[in-house]
Amino acid sequence: MNWKQKSLIQRTCAALPFGSEAFYYFLQRNFGSMRHAPDPMPNLREFVGIAEEMREMGFSIEGRRAMEVGTGRRLDMPIAMYLAGAASVVTVDLHQYMKHELAQAAFDVMKANKKEILEIFGRLAGNDAVAARFAELEAASSTEDLMRRAKIEYRAPSDASRTGLPSGSIDFQFSYTVFEHIPYPVLAAILKECSRLLSPQGIACHHIDPSDHFAHDDQSINFCNFLRFEDEEFDKVNENQFAYQNR
């Protein structure tokens, strides 16, 4: 889809007085990217790569209390943290975007790619441990049961800048392509809360994608397309990026 058309649709949805998320989800499921089966494998591979880099710096996720900022519509990253050996995972989102049917469909893809998952996560937590954790997930009868078995707590709507969690209760805070959507004052508040939540040995790791997100869908533009515009001009065209995310 042409990026300007997509931007217009998103701005229109953001301007709706109510039901904007449900309407946008309907459009995505029937005409957008979500009409295709979800593929969690790129996210899982990315997480393993990030976890391996952290291990080289002396930090292992195994046995840690983890937190994700920005759950989104699926549970790819919380499951990745569980498979990597996290003791527990709290995942928070300002909006209740997560859909059980999408999370389940993504896990079905994981099961179809079990061999690769055991191989790449085995590098982090050992083959036997990962196999046992994956078998625990395979025994789940529903998405709720999967979250219970993986010790994943989903909080939404929940403000990552005011979580209410105890100080020092998190060892590892993580987000993936989330922070680029958050205005600076909110981002500063989230990081201040992160500082309160982290244990003395804890770390925060946030993967930020500075590319033009419309280029993921519109191949006629490149990932630096937004640099063609002055800030004010681009903000006017692309105001939905903050308006829709922070309704």
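This text walks through the nonpolar cores and the salt bridges of the structure above. The model is predicted.

Start inside. The largest nonpolar core holds 43 residues. Those with the most contacts inside this core are Phe-47, Ile-61, Ile-79, Met-81, Phe-121, Phe-172 and Phe-174. Many elements feed the core. At least two residues each come from helix H3 (41–56), helix H4 (76–83), helix H5 (100–112), helix H6 (114–125), helix H7 (127–138) and helix H8 (143–149). Strand S3 (152–155) and strand S4 (170–176) also supply at least two residues each. Helix H3 gives the largest share, with seven residues.

Ile-61 is a useful place to look. Set aside its neighbours within four places in sequence, and Ile-61 is in contact with Phe-47, Ala-51 and Met-54, among others. Its other partners are Met-81, Ala-84, Gly-85, Ala-86 and Phe-172. Three names in this contact list, Phe-47, Met-81 and Phe-172, also stand among the core residues with the most contacts.

There is a second core, separate from the one around Ile-61. This second core has 15 residues, including Met-67, Val-92, Phe-179 and Leu-197.

Now turn to the charged side chains. Side chains of opposite charge can pair when their charged atoms come close. Across the whole structure, a search finds twelve salt bridges. One of them joins Arg-123 and Glu-52, with the closest N and O atoms 2.7 Å apart. Arg-123 sits in helix H6 and Glu-52 in helix H3, so this pair ties together parts that are 71 residues apart in sequence. Both helices also supply residues to the largest core. Arg-123 itself counts as partly exposed, because its relative accessibility is 41%.

Next, take Arg-149 and Glu-136. They form a salt bridge whose closest N and O atoms are 2.9 Å apart. Arg-149 belongs to helix H8 and Glu-136 to helix H7, 13 residues apart, and the pair links distant parts of the chain. Glu-136 has 32% relative accessibility, so this residue counts as partly exposed. The pair is also part of a network of salt bridges that links Glu-136, Asp-145, Arg-148 and Arg-149.

A further bridge runs between Arg-155 and Glu-153. Here the closest N and O atoms are 2.8 Å apart. Where do these two side chains stand, buried or exposed? Neither label fits. Arg-155 is partly exposed, at 26% relative accessibility. Glu-153 is partly exposed as well, with a relative accessible area of 34%.

Methods
Residues are numbered from 1 along each chain as its sequence is written. This is a predicted model: local features need pLDDT of at least 70, side-chain atom pairs count only at pLDDT 80 or more; totals for chains, interfaces and linings use all residues. Side-chain values use heavy atoms; hydrogens and water are left out. A nonpolar core is a set of buried Ala, Val, Leu, Ile, Met, Phe, Trp, Tyr and Cys residues joined through side-chain atoms within 4.5 Å. Buried means under 20% relative accessible area, exposed over 50%, partly exposed in between (1.4 Å probe, protein chains only). Helices (H or I, at least four residues) and strands (E, at least two) are DSSP runs, numbered from the N terminus. Contact means heavy atoms within 4.5 Å. A salt bridge is a side-chain nitrogen of Lys or Arg within 4 Å of a carboxyl oxygen of Asp or Glu.
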